[in-house]
Amino acid sequence: MLTGCGSVPQVTVHAAASAQTITSVDDSLYAHVLVRALTGNGPAAPAGSFSLTRLRADTELTAYLEQLARVQTDAFLSHTQELAFWINAYNAYALDLLRSNQPARVRSDIPGFHSAAVALIGGRFYSLDDI
């Protein structure tokens, strides 16, 4: 468990970089993050494992989170699009929580991982449980 960090976990984006809202996010940013974080973990790495080292320095994850902070969450064209958006937002923030709360290696190392309202999406804070 992390000690001395308080009960609210850290995240990269605390406020929208711009007050201007956007109607969609660039999902290719998040796709690139996944490719880099999941690629090259070695033959002994379990399937689905990712590199925290690569995530810590990933500027595209930060850019994606900044877009999530500004996006209109009521502008989806379909239920499928909305579902994909929220699943990607959940997973992107889960990765950000892991990279931002070192020396955590797994989500159980981070107090408030699921319950703290730290995910800024569409100008509103959500917990992973909310999402």
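**Exercise 1.** With which residue does R36 form a salt bridge, and how far apart are the closest N and O atoms?

*Solution.* We are working with a predicted model. Start from the side chain of R36: its salt-bridge partner is D58, and the closest N and O atoms lie 3.0 Å apart. Next, place the two residues: R36 sits in helix α1 and D58 in the loop between α2 and α3, 22 residues apart.

**Exercise 2.** Work out which residues make up the salt-bridge network around R36, and how buried each one is.

*Solution.* Step one: E60 and R36 also meet in a salt bridge, at 2.7 Å from N to O. E60 belongs to helix α3 and R36 to helix α1, so this pair ties together parts 24 residues apart in sequence. Step two: the network therefore consists of R36, D58 and E60. Step three: check accessibility. R36 is partly exposed at 35%, D58 is buried at 5%, and E60, at 19%, counts as buried because the cut-off is under 20%. As a bonus, a side-chain oxygen of D58 comes to within 2.9 Å of the backbone nitrogen of E60 at the start of α3.

**Exercise 3.** Test whether the length of helix α4 agrees with its residue count, then find the salt bridge between R99 and D96.

*Solution.* First, α4 covers residues 79-100, and its 22 residues should span 32 Å at 1.5 Å a residue. The end C-alpha atoms are 31 Å apart, which agrees. Then turn to the side chains: R99 and D96 meet at 2.8 Å, N to O. They are 3 residues apart in α4, about one helical turn. Both R99 and D96 are buried.

Definitions and conventions: Residues numbered from 1 in each chain as written. Predicted model: local features only at pLDDT ≥ 70, side-chain atom pairs only at ≥ 80, totals over all residues. Heavy atoms only, no water. Helix = DSSP H or I, 4+ residues; strand = E, 2+ residues; numbered from the N terminus. Expected span 1.5 Å × (residues − 1). Polar contact = N/O pair within 3.5 Å; in protein donor to acceptor, adjacent residues only side chain to side chain. Salt bridge = Lys/Arg side-chain N within 4 Å of Asp/Glu carboxyl O. Buried < 20%, exposed > 50% of the residue type's maximum accessible area, 1.4 Å probe, protein only.
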